[in-house]
Amino acid sequence: MSRTAATLLILALAACFGAGLAHQRTGPSFQQGSRQQRQAYEPRVQPQIDQEEVDPLEPVRAPVDLGERAFEKLSTIVGFGPRHTAATPTPGWSRQLDYIENELVAAGLQPERDTWTDRRELLTFSNVRAVVPGRSKERIVLACHHDTKCTQGHADPKNNFHFVGANDGGSAVALLLALAPLLATNPREATIELLFLDGEESLDWRWNDGSRAMFGSKRYVQRHRETPPEKQESPLRALVLLDMVARTDLHIQEELYSDTGLRQIAFAAAVATGRKSSFFKAAESASDDHVPFLEAGIPAIDLIDLKGNPHWHEPTDTIENCSAASMQAVADVVLTMLPAVERAYLKAKR
Ligand SMILES: [Zn+2]
């Protein structure tokens, strides 16, 4: 056996070992081995939930104008233009970061910005977070990505066009910012963290294995894992990720990497709030910022409108194809989910 073959065998065994652990949701995954080694992100697809077998939930409705307020914020965000740091940072990228922070401050929160340069890509990224302390220190994270797909400089000319990412990027940022004042003034059982992640979109046009995507979530999870439990500000119990939540013809798919229990809660919340027609008619896995969390053993769900979305990574992903009503629907579902997530995922029982 050549030295190369032996190395390949060791790498293959290491990959199998890593994958096996990941399937048990306990694996060290991307932290294992060399930092330089590229990590493929492949969580396990879970079976669909039984939609007849969900526990009824008490509906929690967002204020009636929340969708409208989110839509106004979306309009502001789209006005910043493209928002990413692929190649060179766009003006919209830094304008949006300032906007997110200002909105969080206006909501009475204290945003924290984490800026770093990826050593392999030599690109700078920024995550922003803000925490609403709860009665318990146990934490539920509501997250989104704030970057837009870079649609310049690709080899295939059809991938180069003007793109503002109204739904893909803008919508979930706008919705979390619209929810921020409500969450900030109504502390709940769980500590709630609002998290705006950078660099979700793949630098390559195609996602491939995700090794050139999800920069912000990988960074966040890596820092979380490197902090010893006794030094963590509060235990992270669940992640609810929002992505593409404003399409006029909203359809949030049942995303099949997502934690089964969280999917049951999300669908029950859709039923309780009368939003069933916009949720879980179709099912498919989607790689997104929840994947690094899942691989770290943190229960996570992705509420995403990707499957069959004709505007995804297209010039038509504009505000004209988004609606306040869709964001209102998702807000109702998220607010209805929270008490059920607290009951099921906080460990200290009241
Ligand atoms: Zn995208």
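**View 1. The whole protein has 8 helices and 8 strands.** This is a predicted model, so treat everything here as computed from that prediction. Of the 350 residues in the protein, 49% are buried. Take the contacts between residues at least 6 apart in sequence: 79% of them join residues at least 24 apart.

**View 2. Six strands line up in an open sheet.** Reading across, the order is β1-β2-β4-β3-β5-β8, and the pairing is mixed. The edges belong to β1 (112-118) and β8 (300-304); each has a single partner strand, so one side of each has no neighbour in the sheet. From one strand to the next, the twist averages 20°.

**View 3. β1 and β2 make a hairpin.** There are 4 residues between the two strands, and Leu-122 in the turn has a positive phi of about 55°. The strands run antiparallel and are joined by 7 bridges. To find your way along the pair, look for Thr-117, whose bridge partner in β2 is Thr-124.

**View 4. β2 is largely enclosed by the rest of the structure.** Why say so? Because 7 of its 10 residues are buried. β2 also pairs with β4, in the antiparallel sense, over 5 bridges. Here you can spot Val-131 standing opposite Glu-193 in β4.

**View 5. β3 and β4 run parallel.** Strand β3 (residues 139-145) is joined to strand β4 (residues 191-197) by 7 bridges. One pair to look for is Ala-143 with its bridge partner in β4, Leu-195. Helix α4 packs on the sheet, where it touches β2 (123-132), β3, β4 and β5 (236-243). The direction of α4 makes about 145° with that of β3. Helix α5 (residues 215-226) packs on the sheet too, touching β1, β2, β3, β4 and β5. Its direction makes about 60° with that of β2.

**View 6. Helices α3 and α4 pack against each other.** Here α3 covers residues 91-106 and α4 covers residues 166-185. Their axes are 9 Å apart and meet at an angle of about 20°. Angles under 35 degrees count as roughly parallel, and α3 and α4 are therefore roughly parallel to each other. The crossing of α3 past α4 is left-handed. Which residues make the contact? On α3 they are Ile-100, Glu-103 and Leu-104, and on α4 they are Val-173, Leu-177 and Ala-180. Sorted by class, this contact has 5 nonpolar residues, 1 charged residue and no polar ones.

Key
Residues are numbered from 1 along each chain as its sequence is written. This is a predicted model: local features need pLDDT of at least 70, side-chain atom pairs count only at pLDDT 80 or more; totals for chains, interfaces and linings use all residues. Axes are lines fitted to C-alpha atoms, for helices over the stretch in contact, and angles run from 0 to 180 degrees between N-to-C directions. Angles under 35 degrees count as roughly parallel, over 145 as roughly antiparallel, 65 to 115 as roughly perpendicular and the rest as oblique. A crossing is left-handed if the near helix is turned anticlockwise from the far one by less than a right angle, and right-handed if clockwise. Two residues are in contact if their C-beta atoms, placed from the backbone, lie within 7 Å. Ala, Val, Leu, Ile, Met, Phe, Trp, Tyr, Cys and Pro count as nonpolar, Asp, Glu, Lys and Arg as charged, and the others, Gly among them, as polar. Two strands pair if DSSP finds at least two bridges between them. A residue is buried if 20 or more other C-beta atoms lie within 10 Å of its own, exposed if 12 or fewer, and partly exposed in between; C-beta atoms are placed from the backbone.
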